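Here's a quick look at how one protein chain is put together, and at how its parts meet. Have the viewer open while you read.

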Amino acid sequence: MEVEVGKIVNTHGIKGEVKVQSHSDFTDIRFQPGEVLEVEHKGRRLNLTVTSHRLHKGLHMLKFEGYDNINDIEHLKGHMLYQERDHEEIELGEHEYYYSDIIGCTVFVEDEPIGRVVEIFETGANDVWIVKGDKEHLIPYIEEVVKQIDIEGHRIDITPMEGLLSE
């Protein structure tokens, strides 16, 4: 099974490098040189082999084998990148989840739903979940806030810190 690991948001420079917004919490493994990512373009699946990876202003800068010019890669802007979910080097520890398991879960506060997780971004200290319901909430994935995760039931129970859900 494949999971979405990122989105090509733009090109960078003229030598075929792209800016990728990560949708994966294992970028240190998934985006390393030699890794193969897939992109769907015009109904075809293309394999892209990573030749370089670096971080720049919160985005992942990737270069792919055979794409050495901006004109070679520009048509892939806005496309999603995929990779096999069960990567041999990724072992989930306790309280670790694939982003694809968390996105779509309904978040509850005292049995009241406040919305669904629609996106996850990394801050360096912890992940932050964007939860959309009647309002949009930014929920830090920290032990003090996230109390229970039921992947099969698509349910997350939280106890918000003071001010977390206020206007």
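What follows goes from the whole chain to its domains and then to the interface.

Keep in mind that this is a predicted model. The protein chain runs to 167 residues, and 40% of them are buried. In secondary structure terms, you get 3 helices and 12 strands. Lay the C-alpha trace along its principal axes and it spans about 55 × 35 × 30 Å. As for how the chain folds back on itself, take the contacts with a separation of 6 or more: 49% of those come from residues 24 or more positions apart.

Now for the split. The domain assignment cuts the protein chain into domain 1 (2-84) and domain 2 (99-158). On the contact between them, domain 1 puts in 7 residues and domain 2 puts in 6 residues. Going by C-alpha atoms, the centres of the two domains sit 27 Å apart.

So what does the interface look like in numbers? Here's the rundown for domain 1 and domain 2.

| Item, domain 1 to domain 2 | Value |
|---|---|
| Buried area | about 440 Å² |
| Share of the buried area from carbon and sulfur atoms | 43% |
| Salt bridges | 0 salt bridges |
| Polar contact, both at pLDDT 80 or more | 1 residue pair |

Which residue classes does domain 1 bring to the side that touches domain 2? By class, that side has 5 polar residues, along with 1 nonpolar and 1 charged.

Methods: Residues numbered from 1 in each chain as written. Predicted model: local features only at pLDDT ≥ 70, side-chain atom pairs only at ≥ 80, totals over all residues. Heavy atoms only, no water. Domains from an automatic or database assignment. Contact = heavy atoms within 4.5 Å. Buried area = accessible area lost by both parts, 1.4 Å probe. Salt bridge = Lys/Arg side-chain N within 4 Å of Asp/Glu carboxyl O. Polar contact = N/O pair within 3.5 Å; in protein donor to acceptor, adjacent residues only side chain to side chain. Nonpolar A, V, L, I, M, F, W, Y, C, P; charged D, E, K, R; others polar. Helix = DSSP H or I, 4+ residues; strand = E, 2+ residues; numbered from the N terminus. Buried < 20%, exposed > 50% of the residue type's maximum accessible area, 1.4 Å probe, protein only.
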